[in-house]
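The following exercises concern enclosed space, helix geometry and residue environments. Each task is followed by a solution in steps.

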Amino acid sequence: MDTPATTYHYPNRMGRIVLMSLEEIIGRSGVNAVLNRVDLKDYIGNYPPHNQELGFPFKHVSLILSGLETLYGPHGGRGIALRGGRSCFQYGLREFGPLFGLTDLTFRLLPLQTKLKVGGNSFAEVFNRYSDQRVEVEHDSKYIYWRITRCPMCWERQTDAPACDLAVGVLQEALYWVSGGKFFHIEETHCIGHGDEYCTIVIEKNPMS
């Protein structure tokens with residue numbers, strides 16, 4: 001059973017992706033301000049190395065997202081996290097997509113609903129295999145349920161609303177890419193930081209456009 005004293009990690013490569021993605025949104029000076037604010041100064045000018053070593057603690061992910069909300073306000077900070085998540089997917093696709101066949105032409109030619117199922121399961125496996133984050137994916141006739149049972153985004157946080165906007169942004173961009181430019185309704189309905197057992201992001205299978 002997970003406890004606040006337990007230490008879990010992303011690989012350094014994922015931590016680097018998070019910081020580089022946020023830098024695209026708020027610039028290097030903005031990222032430095034956030035890192036200063038949450039006392040993670042060691043990352044200033046020294047992002048994690050590009051390797052798979054599990055060296056980027058969940059606590060640091062959570063602190064960085066909390067720092068965004070402190071500096072930019074809850075609404076602004078979560079909006080930046082959402083946009084950062086979209087950028088994270090693009091970096092992550094280059095890093096991990098070929099390992100799971102997500103960039104293969106055969107995958108891209110599958111029917112949309114098949115791609116959603118195969119891609120969702122493969123994407124979850126990226127986190128389950130290469131990080132300490134744990135993801136379960138369920139499907140019914142209308143929805144995909146992306147359930148994070150061990151979540152870095154809200155690790156040791158208490159929030160007034162679901163706060164895993166970085167993950168929502170990643171999924172938004174993933175679905176946009178998988179579908180060839182369509183938009184889907186995505187909403188985080190439950191969050192560990194908000195007192196729920198799991199973080200659950202609900203995705204409508206039929207695109208809005």
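**Exercise 1. The largest cavity**

In this predicted model, the largest cavity has a lining of 21 residues, and those nearest its centre are Met14, Cys88, Phe123, Phe127 and Val170. Determine the volume of the largest cavity, and state which helix gives the largest share of its lining.

Solution.
- Step 1. The volume of the largest cavity comes to about 310 Å³.
- Step 2. At least two lining residues come from each of α1, α2 (58–96), α4 and α5.
- Step 3. Among the contributors, α2 has the largest share, with five residues.
- Step 4. By class, the lining of the largest cavity holds 18 nonpolar and three polar residues, and no charged ones.

**Exercise 2. The second largest cavity**

State how many cavities of 30 Å³ or more are counted, and describe the lining of the second largest cavity.

Solution.
- Step 1. The count gives three cavities of 30 Å³ or more.
- Step 2. The second largest cavity encloses about 200 Å³.
- Step 3. Its lining consists of 17 residues, with Gly119, Gly120, Phe123, Ala174 and Leu175 lying nearest the centre.
- Step 4. α4, β4 (143–150) and α5 each provide at least two residues of this lining.
- Step 5. The classes are 14 nonpolar, two polar and one charged.
- Step 6. Phe123 is listed nearest the centre of the largest cavity and is also listed nearest the centre of the second largest cavity.

**Exercise 3. Helix α4**

Test whether the end-to-end distance of helix α4 (residues 112–130) agrees with its expected span, and identify which of its residues are buried.

Solution.
- Step 1. Helix α4 has 19 residues, so at 1.5 Å a residue the expected span is 27 Å.
- Step 2. The end C-alpha atoms are 26 Å apart, which agrees with that expectation.
- Step 3. The buried residues of α4 are Lys115, Leu116, Gly119, Gly120, Ser122, Phe123, Ala124, Val126 and Phe127.
- Step 4. An α-helix has 3.6 residues a turn, so residues three or four places apart point the same way.

**Exercise 4. The second largest pocket**

Give the volume of the second largest pocket and the composition of its lining.

Solution.
- Step 1. The second largest pocket contains about 150 Å³ of space.
- Step 2. Its lining is formed by Arg86, Gln172, Glu173, Leu175, Tyr176, Lys182, Phe183, Phe184, Ile186 and Met208.
- Step 3. Helix α5 (residues 165–178) gives the most to this lining, namely four residues.
- Step 4. Six of the lining residues are nonpolar, one is polar and three are charged.

**Exercise 5. Two residue environments**

Is Asn12 buried or exposed? Which residues does Arg134 contact beyond its neighbours within four places in sequence?

Solution.
- Step 1. Asn12 belongs to helix α1 (residues 12–37). Asn12 counts as buried because its relative accessibility is 7%, and the cut-off for burial is under 20%.
- Step 2. The side chains of Asn12 and Asn51 form a polar contact at 2.9 Å. Apart from residues up to four places away in sequence, Asn12 touches Pro48, Pro49, Asn51, Glu53, Gly55 and Phe56.
- Step 3. Arg134 lies in strand β3 (residues 134–139) and is partly exposed, with a relative accessible area of 29%.
- Step 4. Beyond those sequence neighbours, Arg134 contacts Phe127, Asn128, Arg147, Ile148, Thr149 and Arg150. The Arg134 side chain reaches the backbone oxygen of Asn128 at 3.3 Å.
- Step 5. Arg134 and Thr149 are separated by 15 residues in sequence, while their C-alpha atoms are 5.5 Å apart.

How values were computed: Residues are numbered from 1 along each chain as its sequence is written. This is a predicted model: local features need pLDDT of at least 70, side-chain atom pairs count only at pLDDT 80 or more; totals for chains, interfaces and linings use all residues. Side-chain values use heavy atoms; hydrogens and water are left out. Buried means under 20% relative accessible area, exposed over 50%, partly exposed in between (1.4 Å probe, protein chains only). A polar contact is a pair of N or O atoms within 3.5 Å; within protein, one must be able to donate a hydrogen and the other to accept it, and residues adjacent in sequence count only if both atoms are side-chain atoms. Contact means heavy atoms within 4.5 Å. On a 1 Å grid over the protein atoms alone, a cavity is a set of points where a 1.4 Å probe fits but cannot get out, and a pocket is an open set with protein on both sides within 12 Å along at least five of seven lines; lining residues have an atom within 4 Å of a point. Grid points are joined across faces, edges and corners, and a volume is the space filled by probe spheres set on the points. Ala, Val, Leu, Ile, Met, Phe, Trp, Tyr, Cys and Pro count as nonpolar, Asp, Glu, Lys and Arg as charged, and the others, Gly among them, as polar. The expected span of a helix is 1.5 Å times one less than its number of residues.
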